[in-house]
Amino acid sequence: MESDRDDGVSRRKVLECMTWAGTGVLWTISGGVPHSLGIMGEAQAEESKSLTFLQLSDSHVGFDKPANPNALGTLEEAIVKVNALPKKPAFAIHTGDISHLSLESQFDDADRIISQSHLDVHYVPGEHDFLDPDQKFYKDRYGRGTKGAGWYSFDASGVHFIGLVNVFNLKAGGLGDLGADQIEWLEDDVKHLSASTPIVVFAHIPLWTIYPDWGWGTDDAAQALSYLKRFGSVTVLNGHIHQVMQKVEGNVTFHTARSTAFPQPAPGQGPSPGPMKVPDDQLRTMLGIANVTFKQNEQRLAIIDTPLKA
Amino acid sequence: MAISNTVRSALIAAALGAATATMLAAVVIPTSAQNVAPAGAVSIDNFTFTPASLTVKAGTTVTWTNKDDIPHGIAAANNEFKKSRALDTDDSFSFTFTTPGTYKYFCYIHPHMVGTIVVEAASGGNATQ
């Protein structure tokens with residue numbers, strides 16, 4: 001059982017953190033592990049009072065290579081899927097690589113399709129969103145009111161959401177990078193929160209080291225996460241690797257979402273982390289969206305990864 | 001002259017058969033080709049710079065060409081040259097290295113990708129440095 005893990009949060013500690021600040025309802029994550037259901041039907045079982053939000057990632061609008069000649073089309077299919085959800089999410093987060101080459105036209109196309117969800121979308125940038133020469137299109141369009149290269153936080157239904165940027169001013173030989181300014185801001189941002197406040201951190205590149213040979217990690221993530229250690233429930237949502245992966249470390253659950261554009265190989269299972277060409281009838285089984293639900297009273301946080309095609 | 005019959009034949013054909021032996025030598029022997037800038041090439045394939053380290057003479061123009069289905073960008077690790085724009089598939093970026101030294105560079109989109117250009121002094125005896 002996860003609750004017996006030596007490196008996990010003790011049962012007592014979990015219970016201490018079960019009070020959902022501000023609402024008085026019970027809060028926990030099942031044995032420390034967000035439940036991954038994998039089929040959309042089970043989402044219908046959620047309770048009416050729970051908070052559900054959507055995660056979109058790696059739209060790569062403008063990508064037209066053999067791995068998926070029409071990335072805008074599959075983004076549109078994803079939004080159709082969103083609009084068919086039995087319960088409308090409260091809002092969406094987008095974990096970066098909105099565009100493929102940071103062209104205005106690509107951001108325009110992405111916005112036109114994503115707006116069809118009629119959801120408020122909270123963005124963080126991917127490295128593909130900072131490719132315009134002055135690196136200003138992203139910030140102008142999505143980062144108004146944010147700090148630095150685009151980091152910020154907000155609260156929803158008692159959950160504290162933190163959007164981080166780890167794709168700016170990257171250093172030779174390095175991985176993703178948050179930088180001292182952002183980490184200092186993070187320390188200050190969470191300083192006054194109660195340890196029972198559920199935390200959701202979202203950023204493009206994984207904040208856990210998955211495969212450094214392919215750049216799948218963030219150099220200074222450990223320092224940033226050290227400021228979240230005292231919280232009873234921390235969920236870290238990332239993109240970048242175009243596949244679902246999950247890890248639990250103590251009270252922190254890490255989860256990566258599928259892309260809506262093209263799949264990438266499992267770590268080390270290909271010549272490079274580049275777009276992976278799969279048979280046409282398999283493509284949509286490897287693209288998708290994630291639906292995250294904080295289920296009150298059910299003592300469970302659920303992340304439901306839904307492919308475009310089962 | 002050390003020009004083989006095969007090369008001579010080809011060059012004569014290329015030169016429409018009207019060139020003298022002296023002119024042919026000017027074409028095939030680099031040390032005499034004063035109007036042709038030396039060039040070096042780095043291919044970007046599978047998120048890797050090939051060759052990872054390239055040694056050239058000062059004055060050489062190095063061209064990086066992206067063969068991947070994903071964009072890459074060239075930036076000097078210590079800002080010795082202005083970074084390239086994002087290179088989409090088959091796009092190229094060139095920079096002429098005039099000063100001897102060791103230049104480390106990386107892909108600013110995927111910074112784990114690194115490479116080196118070693119620039120040596122143009123060899124002695126040439127008119128231009």
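In this predicted model, helix α2 (residues 71–83) of chain A and helix α3 (residues 104–114) of chain A pack with their axes coming within 9 Å and crossing at roughly 20 degrees. Angles under 35 degrees count as roughly parallel, so α2(A) and α3(A) are roughly parallel to each other. As for handedness, the crossing in which α2(A) passes α3(A) is right-handed. On the α2(A) side, the contact is made by A:Leu72, A:Leu75, A:Glu76 and A:Ile79, while α3(A) brings in A:Asp109, A:Ala110, A:Ile113 and A:Ile114. Sorted by character, the residues of this helix contact come out as six nonpolar and two charged, with no polar ones. The two charged members are A:Glu76 of α2(A) and A:Asp109 of α3(A).

Moving over to chain B, the inventory is two helices and eight strands. Both helices come first when the elements are read from the N terminus, and the strands follow, giving the order α-α-β-β-β-β-β-β-β-β. Of the 129 residues in chain B, 25% count as buried. As for how contacts spread along the sequence, take those in chain B with a separation of 6 or more: 46% of them are accounted for by residues 24 or more positions apart.

Strand β7 (residues 101–107) of chain B has pairings with both β5(B) and β8(B). With strand β5 (residues 74–76) of chain B, β7(B) runs antiparallel, and three bridges join the two. With strand β8 (residues 114–120) of chain B, β7(B) again runs antiparallel, this time joined by six bridges. The link from β7(B) to β8(B) is a hairpin, made through six residues. One residue to look at here is B:Tyr105: in β7(B), B:Tyr105 is the bridge partner of B:Ala76, and in β8(B), the bridge partner of B:Tyr105 is B:Gly115. B:Tyr105 thus turns up in bridges with B:Ala76 and with B:Gly115.

That leaves the place where the chains meet. Chain B puts 19 residues in contact with 19 residues of chain A. On the chain B side, the residues touching chain A divide into ten nonpolar, four polar and five charged. For comparison, the contact of α2(A) with α3(A) has no polar residues, whereas the side of chain B that touches chain A has four.

Terms used
Residues are numbered from 1 along each chain as its sequence is written. Chains are lettered from A and ligands numbered from 1 in the order in which they are written. This is a predicted model: local features need pLDDT of at least 70, side-chain atom pairs count only at pLDDT 80 or more; totals for chains, interfaces and linings use all residues. Axes are lines fitted to C-alpha atoms, for helices over the stretch in contact, and angles run from 0 to 180 degrees between N-to-C directions. Helices (H or I, at least four residues) and strands (E, at least two) are DSSP runs, numbered from the N terminus. Angles under 35 degrees count as roughly parallel, over 145 as roughly antiparallel, 65 to 115 as roughly perpendicular and the rest as oblique. A crossing is left-handed if the near helix is turned anticlockwise from the far one by less than a right angle, and right-handed if clockwise. Two residues are in contact if their C-beta atoms, placed from the backbone, lie within 7 Å. Two strands pair if DSSP finds at least two bridges between them. A residue is buried if 20 or more other C-beta atoms lie within 10 Å of its own, exposed if 12 or fewer, and partly exposed in between; C-beta atoms are placed from the backbone.
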